[in-house]
Amino acid sequence: MPWSPSTVAAGRLTDISPADLGTGAGIAPERDAVHAALVGLVDDPDSLVRAAAYGALGTTGYPAPLAARAVTALADPAWQVRAGAATALSVAHADTAVPVLAKALADPNADVRKAAVLALTHHRASEAARAALATATTDSDADVRAYATRAL
């Protein structure tokens, strides 16, 4: 599905597959445009827009400097933003993502913990990620426990 500014504005970025963004040695102009839109949306005053933007970054991938912003967003007051940031970190480098995702497993909101577990599954090659997933198997939420158990 080709993206368009209306797709971006409607928050349907998760409908965009990496193949739609182009491949090759360089970043396709379409991917640059999507990333430019997302960079603006992660600073939106509406927490649900920020959450959707971070979630989309977890689907489309993103330039490395945005990983630091996703790490910072894990402390956002809105649980939706924290969950979106955890999703975004699923495609970040493990050295950056795993320590903060492990800490996110202590978030008071179960949806954030679930997003952190799902993101950690993308980093299973890391011993620290596997240890964090093992810890999550004793979470108070059944979904968090189930996702963690399945990941191991």
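Buried, on this tour, means under 20% relative accessible area. Keep that cut-off in mind, because several stops turn on it. One more thing before we start: this is a predicted model.

**Stop 1: the whole chain**

Show everything as cartoon. You'll see nine helices and zero strands, so from the N terminus on the elements simply run α-α-α-α-α-α-α-α-α. If you colour by burial, buried residues make up 43% of the 152 residues. Turn on contacts between residues at least 6 apart in sequence, and 52% of them join residues at least 24 apart.

**Stop 2: helix α8**

Select residues 127-136, which make up helix α8. Which of its residues are buried? They are A129, A132, L133 and A136. Now look straight down the axis of α8: those buried residues fall within an arc of 100 degrees, so they line one face of the helix.

Spin round to the face turned away from the buried side, and you'll find E127 and T135, both exposed. To see what sits over the buried residues of α8, add more helices to the view: the cover includes α6, α7 (110-120) and α9 (142-151). Two pairings among those helices are worth a visit of their own.

**Stop 3: α6 against α7**

Hide α8 and keep α6 and α7. Their axes come within 8 Å and cross at roughly 150 degrees. Angles over 145 degrees count as roughly antiparallel, and α6 and α7 are therefore roughly antiparallel to each other. The crossing is left-handed.

Show side chains for the contact itself. From α6, pick V98, L101 and A104; from α7, pick V112, R113, A116, A119 and L120. Sorted by class, the residues of this contact are seven nonpolar, no polar and one charged.

**Stop 4: α7 against α9**

Keep α7 and bring in α9. Here the axes come within 9 Å and cross at roughly 5 degrees. How do α7 and α9 run, roughly parallel or roughly antiparallel? The small angle makes them roughly parallel, because the cut-off for that label is under 35 degrees.

On α7, select A110, R113, K114, V117 and L118; they meet D143, V144, Y147 and A148 on α9. This contact has six nonpolar, no polar and three charged residues. R113 is worth a label, since R113 takes part in the contact with α6 and in the contact with α9.

**Stop 5: the loop before α7**

Step back to N109, which lies in the loop between α6 and α7. Is N109 buried or exposed? Its relative accessible area is 18%, so N109 counts as buried. Draw a distance from its C-alpha atom to that of A83: the two residues are 26 apart along the chain, and the line should read 9.0 Å. Leaving out residues up to four places away in sequence, N109 touches W79 and R82.

**Stop 6: α3 against α5**

W79 is a handy way into helix α5, which spans residues 79-88. Add helix α3, residues 47-60. The two pack at an angle of about 15 degrees, with their axes 7 Å apart; they are therefore roughly parallel to each other. The crossing of α3 past α5 is left-handed.

For the contact, light up S47, L48, R50, A51, Y54, G55, L57 and G58 in α3, along with Q80, V81, G84, A85, T87 and A88 in α5. By class, that comes to seven nonpolar, six polar and one charged residues.

**Stop 7: S47**

Stay on α3 and zoom in on S47. At 22% relative accessibility, S47 counts as partly exposed. Leaving aside neighbours within four places in sequence, S47 is in contact with A78 and V81. You can also draw a C-alpha distance from S47 to D76: they are 29 residues apart along the chain and separated by 8.9 Å.

**Stop 8: S90**

Finish at S90, in the loop between α5 and α6 (94-104). With a relative accessible area of 10%, S90 is buried. What does S90 touch, not counting residues up to four places away in sequence? Its contacts are G58, A119, H122 and H123. Two of those names have come up already: G58 from the contact of α3 with α5, and A119 from the contact of α6 with α7.

Notes
Residues numbered from 1 in each chain as written. Predicted model: local features only at pLDDT ≥ 70, side-chain atom pairs only at ≥ 80, totals over all residues. Heavy atoms only, no water. Axes fitted to C-alpha atoms, helices over the stretch in contact; angles between N-to-C directions. Helix = DSSP H or I, 4+ residues; strand = E, 2+ residues; numbered from the N terminus. Parallel < 35°, antiparallel > 145°, perpendicular 65-115°, else oblique. Left-handed = near helix turned anticlockwise from the far one by under 90°. Contact = heavy atoms within 4.5 Å. Nonpolar A, V, L, I, M, F, W, Y, C, P; charged D, E, K, R; others polar. Buried < 20%, exposed > 50% of the residue type's maximum accessible area, 1.4 Å probe, protein only. Arc of directions from axis to C-beta.
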